[in-house]
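Work through three short exercises on the model below. Each has a task and a stepwise solution.

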Amino acid sequence: MSDLGRRLMLGAALGLAAMPLPAVARDGAALGYCQDRITTGWNFYCDPEKPEPEEPPAEAKPAPPPPAVPAPKSYTEQIEDYRKELDEKKNRAILEPTPENVQSYMEAQQQMSRMASAFTDQWQRVLFRTPELDINTRFPISQMGGAVYQDQMRVARETSLQEAAANLGFMVVVEDAAQCGLCTPQLEVIARMQASFGIEPMVVTVDGSFHPLFPDAVVDTGQLKKLGLAKKPRPFVALVEPKSGIVEPLGGGLLTEDVILERVHVVTKIPAGERY
């Protein structure tokens with residue numbers, strides 16, 4: 001090749017090198033130069049693959065709360081609901097007495113009766129197994145047991161009365177029969193008890209009136225006020241401790257023999273809170 005030819009070829013090559021390459025040529029991967037490490041190293045247009053931007057993880061939505069479980073109703077609430085239902089059926093049957101409404105109420109009432117009967121039956125069986133809960137052990141409920149109990153209690157009450165009369169003053173406060181219609185009958189009861197039990201009552205008249213059953217009655221001259229009995233209604237019965245002056249009232253009005261016996265026994269023998 002002549003020098004002129006070589007110069008023309010070199011000039012053409014240099015001209016091509018100076019011309020801008022099309023966009024496809026700038027991408028070495030498009031020309032097959034970015035397939036491996038060898039060709040990639042000789043090509044200036046092999047751009048590294050840009051990692052695709054990672055999407056931020058979606059925020060986990062909180063799980064919906066489990067449905068609330070209603071608290072079980074108490075036994076009191078259940079009974080109240082049952083009573084309301086029974087009342088509703090009864091009122092409906094009254095206001096609309098159709099055969100269906102009346103029958104519905106009758107069936108509900110019968111169910112309530114069965115429940116009450118089951119409770120009563122279980123109550124009795126528990127008493128059989130636990131006699132310490134049975135009131136019959138203290139207060140017999142049979143006719144024979146009641147008679148025995150009453151006899152025993154009368155003996156105990158009479159003994160209490162005799163002991164009280166021996167150690168305490170048995171005071172009866174009265175006034176004129178014209179002002180106190182119950183005073184004379186009360187003194188008659190006291191006179192019978194005096195004959196039966198040998199008690200020696202101290203009769204006090206607030207107005208100096210005379211009573212044939214107790215002609216030696218004491219006239220009040222301020223003693224009742226000191227004992228706190230001046231304003232008590234007449235007739236009035238009380239036990240008085242002679243040395244200390246402590247008064248144990250038994251009550252006012254007409255008190256029969258049985259009532260006096262019982263009250264004397266209660267106040268002298270049974271501590272408060274242990275009677276029943």
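A pocket is an open set of grid points with protein on both sides within 12 Å along at least five of seven lines, and its lining residues have an atom within 4 Å of a point. The model is predicted.

**Exercise 1.** State which residues line the largest pocket, and classify them.

Solution.
- Start with the volume: about 220 Å³.
- List the lining: Arg138, Phe139, Tyr149, Met153, Arg157, Glu262, His265, Val266, Ile270, Glu274, Arg275 and Tyr276.
- Sort by class: six nonpolar, one polar and five charged residues.
- Assign elements: helix 6 (143–167) and helix 9 (257–269) each supply at least two residues of this lining.

**Exercise 2.** Find the disulfide, then give its handedness and the burial of its two cysteines.

Solution.
- Apply the cut-off: the two cysteine sulfur atoms must lie within 2.5 Å.
- The sulfur atoms of Cys180 and Cys183 are 2.0 Å apart, and the pair forms a disulfide.
- The count comes to one disulfide.
- The torsion about the S-S bond is about 90 degrees, so the disulfide is right-handed.
- Buried means under 20% relative accessible area.
- Cys180, at 5%, is therefore buried.
- Cys183, at 0%, is also buried.

**Exercise 3.** Describe the surroundings of Thr205.

Solution.
- Locate the residue: Thr205 is in strand 2 (residues 202–205).
- Check exposure: relative accessibility is 0%, so Thr205 counts as buried.
- Look for polar partners: a polar atom of the Thr205 side chain lies 3.3 Å from the backbone nitrogen of Gly208.
- Leave out residues up to four places away in sequence; Thr205 then touches Val174, His211, Ala217, Val218, Val219 and Asp220.

Key:
Residues are numbered from 1 along each chain as its sequence is written. This is a predicted model: local features need pLDDT of at least 70, side-chain atom pairs count only at pLDDT 80 or more; totals for chains, interfaces and linings use all residues. Side-chain values use heavy atoms; hydrogens and water are left out. Buried means under 20% relative accessible area, exposed over 50%, partly exposed in between (1.4 Å probe, protein chains only). On a 1 Å grid over the protein atoms alone, a cavity is a set of points where a 1.4 Å probe fits but cannot get out, and a pocket is an open set with protein on both sides within 12 Å along at least five of seven lines; lining residues have an atom within 4 Å of a point. Grid points are joined across faces, edges and corners, and a volume is the space filled by probe spheres set on the points. Helices (H or I, at least four residues) and strands (E, at least two) are DSSP runs, numbered from the N terminus. Ala, Val, Leu, Ile, Met, Phe, Trp, Tyr, Cys and Pro count as nonpolar, Asp, Glu, Lys and Arg as charged, and the others, Gly among them, as polar. A polar contact is a pair of N or O atoms within 3.5 Å; within protein, one must be able to donate a hydrogen and the other to accept it, and residues adjacent in sequence count only if both atoms are side-chain atoms. Contact means heavy atoms within 4.5 Å.
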